[in-house]
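Here are a few short exercises to work through with the model open on your screen. Try each one before you read the solution.

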Amino acid sequence: MVRCEEDDVSLPGPRYRSRSTVLRVRPRRTGPPRPAAMLGPLLGLLVLWTRGAGAFYLPGLAPVSFCEPAKDGDGNPVPDCKSTIELFVNRLDSVESVLPYEYTAFDFCAMEAEKRPSENLGQVLFGERIEPSPYKFEFKKSEECKPVCTKTYNTETPADKTNLDFLKKGMLLNYQHHWIVDNMPVTWCYDVEDGQKFCNPGFPIGCYITPVGRPKDACVVNADFNEKDTFYVFNHVDITIHYHIVENQELGARLVAAKMEPKSYKHTNVDTPDCSGGPMFVHNQYTGEIKIPYTYSVNFVEDKKIRWASRWDYILESMPHTNIQWFSIMNSLVIVLFLSGMVAMIMLRTLHKDIARYNQMDSVEDAQEEFGWKLVHGDVFRPPRKGMLLSVFLGSGTQIFIMTFVTLFFACLGFLSPANRGALMTCAVVLWVLLGTPAGYVAARFYKSFGGEKWKTNVLLTAFLCPGVVFADFFLMNLILWGEGSSAAMPFGTLVAILALWFCISVPLTFIGAYFGFKRTGIEHPVRTNQIPRQIPEQSFYTKPLPGIIMGGILPFGCIFIQLFFILNSIWSHQMYYMFGFLFLVFIILVITCSEATILLCYFHLCAEDYHWQWRSFLTSGFTAVYFLVYAIHYFLSKLQITGLASTILYFGYTMIMALIFFLFTGTIGFFACFWFVTKIYSVVKVD
């Protein structure tokens, strides 16, 4: 969803510049990279097969053939070939507000009778509301200034005044339309400052001239937008549909691009619009009756260069920024190589010599002369304090880790592409629900190894603690969305369905996993634990718990912060995200970095004879989530233009959910890495 050039990673909102009457727009500097720069999106390969080859298509992604409204020799319509092109409308959103709204909330031209397309779980969770529209075209039939409807507002009528004020609010906050043709976004393509083309999958409702005469947002594109304290409405669109004739078939064409250009016309005659006259404007203090006619023009262009399988490329390639992505990857790889070298030096030199010398000792007196990590072998596997909570966190973290890995893997294969709307979130939720068994198993196994006996409490906390915190936060955010009338508010039925998935599937699977975890014997440690705990000597500053934990999260965060910028832009700037190849690679680098940084600090602490490594290893890598939270606050203050109390609360509410999930995810990685390291080094030490 994000676009960013190498020399600028600033706010992804559009910045408009006037160049006389020519559109010169500084675009959102965010967006997906070229598919060629990605690791393995196979969507093109999956859809390149023809029907004659017996191919299969991903659900909802099969190509649709269009032809002119002709009939065969018997007077019947041509089979498997549509002549009517339907335009669907999605929710409207803004970079200045977290609150999206449905298309009908702004009193635009709408279809009352037609049934809206069905939405999957991911679309509902993201607040997408796709609806039919009165914009319908016949294939290859051009239209000029065709009227759609006329909206009349009387400021003396309370209902009309409310609708008009809401429309003004949408223009003031730069809310953007999102239209869809043949499951493809209708894009607004324009020239940018460096001579390239940028295609934005949205266009504004209108724009506003301030009381001092300063044009905001898109008002800079037209010199005629000059009335002070006035709103200008984009009530006309010029739509151009590009199609490609299907080869090796007698009939049918496929749509490969849908582009548009918003315009504003007052129309000299509202009843019979002719797309002439000055721009359509509404004075902020105007009273009386206002008529806003909506019109469109459509034109069809044959394009022999674009194939159906690559029809998204012109959007994805409009602002390539793969250079900064590869810079991020190389920067992360340098950190990984540095950590790997440090860990290899410890394992191959220091530890190898220490273990060899320790195993050659012949007397207890020699052993007493030793120091460091070897002296704490009788306490290193001592159960930690709050072992119940740690085991619950490990279970939930394992569930999140597997869910993330599988989701990103499928995304790299192209199954969760932007064309398959809502598939990413649907996949993540379904996987989380089905992965209750490993969560319960891991929590039970470690809790039993910690010597815990309250197995009922453990399984209940695993099933309800972390998911309950996330759901409570999400429910409070949903209440705010309900109160604001936003389309992102989850319907009550969907909320019940989520609870049913949690209680009826995830919780029983967690119980099953916990049953098998408790049924097995506890984890066998390579050394025995002494009955009397060893006294920990006075620690230096850098080996104390808090400094080590704070230092441990710096390197993992350094590997991901550039990618994190793109992820936050994809969420809060409402752009398509198609960088799953980069994201999967960064995911692997993050796992390696968390593991190696935690192992490194764990070794230093054991050498200082501090054997409390369990919680410390979890918190060391988990502290990366704190840096994520700090970066999210910085991003909000310096990059976003969000205004309003409700939007601010929503931003930080959802950010807290992401920080908690990230904390469990990274903390679990650090614990398992340190657990493997400690088990490995003490398993080769001979203890009498």
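**Exercise 1.** Find where helix H13 bends, and work out whether H13 is mostly covered.

Solution. Keep in mind that this is a predicted model. Start with the run itself: H13 spans residues 554–572, and the bend of about 50° sits at Phe 561. Next, check burial: 14 of the 19 residues in H13 are buried, so the helix is mostly covered.

**Exercise 2.** Classify the ring pair of Phe 446 and Phe 672, and say which helices the pair ties together.

Solution. The structure holds 65 aromatic pairs, and this is one of them. The centres lie 5.5 Å apart and the planes are at 75°. Angles over 60 degrees count as edge-to-face, and that's the label here. Now place the rings: Phe 446 is in helix H9 (residues 436–449) and Phe 672 in helix H17 (residues 645–683), so the contact ties together parts 226 residues apart in sequence. As for burial, Phe 446 is buried at 6% relative accessibility, while Phe 672 is partly exposed at 30%.

**Exercise 3.** Do the same for Phe 628 and Phe 662.

Solution. Here the ring centres are 5.9 Å apart with the planes at 45°, so call this pair tilted. Phe 628 belongs to helix H16 (residues 624–638) and Phe 662 to H17, so the pair ties together parts 34 residues apart in sequence. The cut-off for buried is under 20%: Phe 628, at 5%, is buried, and Phe 662, at 15%, is buried too.

**Exercise 4.** Which residues do ring pairs link into a cluster with Tyr 101?

Solution. Follow the ring pairs and you'll collect Tyr 103, Phe 106, Phe 108, Phe 166, Tyr 175 and Tyr 294.

Conventions. Residues are numbered from 1 along each chain as its sequence is written. This is a predicted model: local features need pLDDT of at least 70, side-chain atom pairs count only at pLDDT 80 or more; totals for chains, interfaces and linings use all residues. Side-chain values use heavy atoms; hydrogens and water are left out. The bend at a residue is the angle between axes fitted to the seven residues ending there and the seven starting there. Helices (H or I, at least four residues) and strands (E, at least two) are DSSP runs, numbered from the N terminus. Buried means under 20% relative accessible area, exposed over 50%, partly exposed in between (1.4 Å probe, protein chains only). Rings of Phe, Tyr and Trp (its six-membered ring) pair if their centres lie within 6.5 Å; planes under 30 degrees apart count as stacked, over 60 as edge-to-face and the rest as tilted.
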